[in-house]
Each structure stands twice: as structure tokens, then as C-alpha cells.
Amino acid sequence: MRIAVTGSIATDHLMTFPGRFSDQLVADQLHTVSLSFLVDQLDVRRGGVGANIAFGMGQLGTRPVLVGAAGSDFGDYRAWLDRHGVDTGSVRISETLHTARFVCTTDSDHNQIGSFYTGAMSEARLIELKTVADRVGGLELVLIGADDPEAMLRHTEECRSRNIPFAADFSQQIARMDGEEIRILLDGATYLFSNEYEKGLIETKTGWTDEEILSKVGHRVTTLGARGVRIERAGEDPVEVGTPDEERKADPTGVGDAFRAGFLSGLAWGVGLERAAQVGCMLATLVIETVGTQEYRLLRGHFMERFTKAYGDEAAAEVRAHLA
């Protein structure tokens with residue numbers, strides 16, 4: 001299965017605050033918040049949801065096609081992705097703008113405050129999926145991840161008009177989208193990804209109930225944090241998958257992207273939904289144990305040992321046959 005991943009390409013500036021954000025907030029002064037947090041750690045990492053998901057899929061050997069826009073400063077990042085199994089031939093390079101940038105501070109309770117500079121990402125709306133499909137010999141699934149909102153709408157409409165199956169994944173952009181935009185982006189999706197909070201926000205903004213949304217998408221995939229993931233389809237029992245034991249909790253940034261990378265890789269391999277979700281949860285666990293979204297190492301033996309412990313021999317045998 002040839003999968004294209006559309007979404008942001010960015011660098012992450014990740015800082016750690018040794019206290020709690022909640023201790024610095026005064027309940028009756030929230031309308032005039034003016035705070036500065038003295039952080040004790042800074043990590044500059046490669047990121048962006050499109051690149052993160054594609055990197056994870058590349059680590060699993062499924063050779064995804066990354067579709068997005070970056071700046072002229074993308075050279076080193078492109079080389080990194082190429083080395084890790086990502087097809088970057090469809091990344092648009094802006095002549096005037098820098099690659100997008102995410103700045104995030106995480107407190108001792110793993111709460112986060114972040115800001116995102118779009119930069120070259122705004123040019124993603126100029127990318128035509130037909131050009132991508134022609135270059136790689138066709139696409140069987142397109143993940144439409146958080147990106148320039150106009151690009152997300154254009155990619156969705158193009159998938160519909162060309163009968164290309166697509167997965168809707170609003171992620172960070174859901175906060176700025178209105179109900180009509182969300183309705184357009186999810187209607188007809190083969191997969192709809194969200195976490196529990198985003199699930200409620202989608203229903204509130206669209207005015208559609210959970211049942212109505214299930215009637216408009218093929219599968220609704222909801223990540224549940226430490227409780228794993230739930231996959232629903234209209235008229236069928238949900239598939240629920242738990243998470244492997246964590247060795248440590250280092251940084252939650254990029255965990256959702258890693259789940260999607262594992263899940264999509266499972267689809268590319270042709271395994272069932274439960275098995276694909278298990279691969280996603282295992283990859284997400286590796287990421288939460290690592291600072292940064294693309295700094296983990298996927299060693300086949302270590303991955304399979306932990307996967308077997310979490311999900312059993314039968315599941316491991318099926319995944320082992322596909323893992324590069």
C-alpha cells in the first residue's frame with residue numbers, strides 16, 4: 001500500500017519548566033495573564049506532524065511519501081528523513097519563508113504550553129496530489145494531517161474528486177477550525193483520528209453526535225492516553241487496544257504522531273485493525289520514553305521483545321513477518 005502523509009514540517013524547540021503551570025495561575029486574573037517561565041532545559045528537535053508520522057513509518061519500513069512545504073533551510077532535515085526511509089520528493093521548498101517552528105514548554109506534570117509559527121507551511125496549499133500520485137505511480141491512502149488549513153481543505157476535496165481514500169487527522173488545527181470546515185474535512189474519510197478531548201470538540205463544533213459521525217466515516221480511531229486506543233465502526237463492536245508498559249516517561253510530544261505512524265504501517269502491511277493499533281501503541285511508547293519526536297531508535301529485536309510481552313506470541317508472529 002502506497003501511503004502519502006500530508007502535514008506540517010517543522011523544527012521543535014522543546015523546553016522544560018521544573019514547576020507546575022497551575023501553581024502560577026491566579027483564578028480571578030486569567031483574563032490578564034502575563035507569565036514568563038524560567039526553564040532549565042532546551043532541546044531543538046526535528047518535528048512537524050507530517051514529518052513525525054512519515055519518520056515513524058520509515059522506521060517501520062513502509063516508505064511513506066511526505067507531502068508538505070518547507071523553507072530553504074530544509075536541506076539537513078531532508079537528508080535525515082531520506083536516510084530513515086521517507087520519500088521527500090514531493091516536499092515543496094519555499095523561496096521566501098523559513099520552515100515552520102514549534103516552541104513548547106512542558107511542566108513537571110507533563111502539561112504543555114506551545115506556539116506555532118507557520119512559515120513555509122502556508123505554501124502547502126499549492127501542492128496538487130495528482131502530481132504526487134503521478135510521480136510515485138498512484139496512492140492508495142492519503143493521511144491529511146495538521147497543516148495549512150487551506151491545504152487540508154484542498155487535499156480533502158482532491159481526494160474525494162479523484163476517489164483516493166483518505167484519513168482525517170485535524171490534531172492541533174482543530175482549535176482554529178469552525179464546524180463547517182470540520183464537517184467538510186471528515187465527511188467520507190476512511191479513518192478519522194483524534195484523542196478523547198478532540199473527539200468531544202469535533203462533536204461540539206460540528207453539532208453531530210457520535211453516531212452521526214460514525215455514519216459519515218469508515219472508522220473512528222480515538223487515542224485514550226495511557227489507556228490505549230478505541231476503534232469504532234458503525235454497526236460493529238469497537239476494537240480496544242491497551243498500551244505496553246513504559247520504561248520511563250520522558251516527553252509526551254509526538255506520541256500521537258507515533259501511534260498514527262504505527263497504525264498506518266500496519267495498514268500498509270495488510271494486518272487487521274487490532275494488530276495495526278498494537279503496532280501504533282508500541283511505537284508511541286518508544287516516543288514517550290524519549291525526549292523529542294524523532295530521537296527514538298527502533299531496534300527490531302528490542303521492539304519485538306516488548307511487543308511480544310505486551311500483546312502475546314500470536315500477535316508478535318504476525319508483526320515480525322513484516323517488520324523491516
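In this predicted model, Cys104 stands opposite Gly114 of strand E7. That pairing is a good place to begin, since it leads straight into one of the sheets. Strands of a sheet pair through backbone hydrogen bonds, and they do so in either a parallel or an antiparallel way. Strand E6, made of residues 100-106, and E7 take the antiparallel option, joined over six bridges.

These two strands belong to an open sheet of four strands, ordered E3-E2-E6-E7, in which the pairing is mixed. At its edges are E3 and strand E7 (112-117), each of which pairs on one side only. Leaving direction aside, neighbouring strands of this sheet are turned by 15° against each other on average.

A further open sheet contains nine strands in the order E5-E4-E1-E8-E9-E10-E11-E12-E13, again with mixed pairing. Strand E5 (87-93) and strand E13 (239-241) form its edges; each has a single partner strand, so one side of each has no neighbour in the sheet. From one strand to the next, the twist averages 15°.

Inside the nine-stranded sheet, a parallel pairing can be followed residue by residue. Strand E9 (residues 166-169) runs parallel to strand E10 (residues 191-195), and three bridges join them. One named contact of this kind involves Ala168, whose bridge partner in E10 is Leu192. Helix H4 (residues 149-161) packs on the sheet and touches strand E1 (3-6), strand E8 (141-144) and E9. The direction of H4 makes about 160° with that of E8. Helix H2 (residues 75-83) lies across strand E4 (65-70) and E5, and runs at about 160° to E5.

Attention can now move from the strands to the empty space. Rolling a probe the size of a water molecule over the atoms shows where such space is left. The second largest pocket holds about 190 Å³ of space. It is lined by 14 residues, and Thr16, Thr106, Ala250, Asp251 and Val291 are the closest to its centre. Strand E2 (10-16) and strand E3 (41-47) each supply at least two residues of this lining, with E2 giving the most, namely three residues. By character, the lining of the second largest pocket divides into five nonpolar, six polar and three charged residues.

Aromatic rings offer a last view of the fold. A pair of aromatic rings is described by the distance of the centres and the angle of the planes. The structure holds 11 aromatic pairs. One of them, formed by Phe55 and Tyr296, is edge-to-face, with 5.5 Å from centre to centre and 85° between the planes. This pair links distant parts of the chain, as the two residues are 241 residues apart. Phe55 sits in helix H1 (residues 49-59), whereas Tyr296 belongs to the loop between helix H9 (273-288) and helix H10 (300-311).

Conventions: Residues are numbered from 1 along each chain as its sequence is written. This is a predicted model: local features need pLDDT of at least 70, side-chain atom pairs count only at pLDDT 80 or more; totals for chains, interfaces and linings use all residues. Side-chain values use heavy atoms; hydrogens and water are left out. Two strands pair if DSSP finds at least two bridges between them. Axes are lines fitted to C-alpha atoms, for helices over the stretch in contact, and angles run from 0 to 180 degrees between N-to-C directions. Contact means heavy atoms within 4.5 Å. On a 1 Å grid over the protein atoms alone, a cavity is a set of points where a 1.4 Å probe fits but cannot get out, and a pocket is an open set with protein on both sides within 12 Å along at least five of seven lines; lining residues have an atom within 4 Å of a point. Grid points are joined across faces, edges and corners, and a volume is the space filled by probe spheres set on the points. Ala, Val, Leu, Ile, Met, Phe, Trp, Tyr, Cys and Pro count as nonpolar, Asp, Glu, Lys and Arg as charged, and the others, Gly among them, as polar. Rings of Phe, Tyr and Trp (its six-membered ring) pair if their centres lie within 6.5 Å; planes under 30 degrees apart count as stacked, over 60 as edge-to-face and the rest as tilted.
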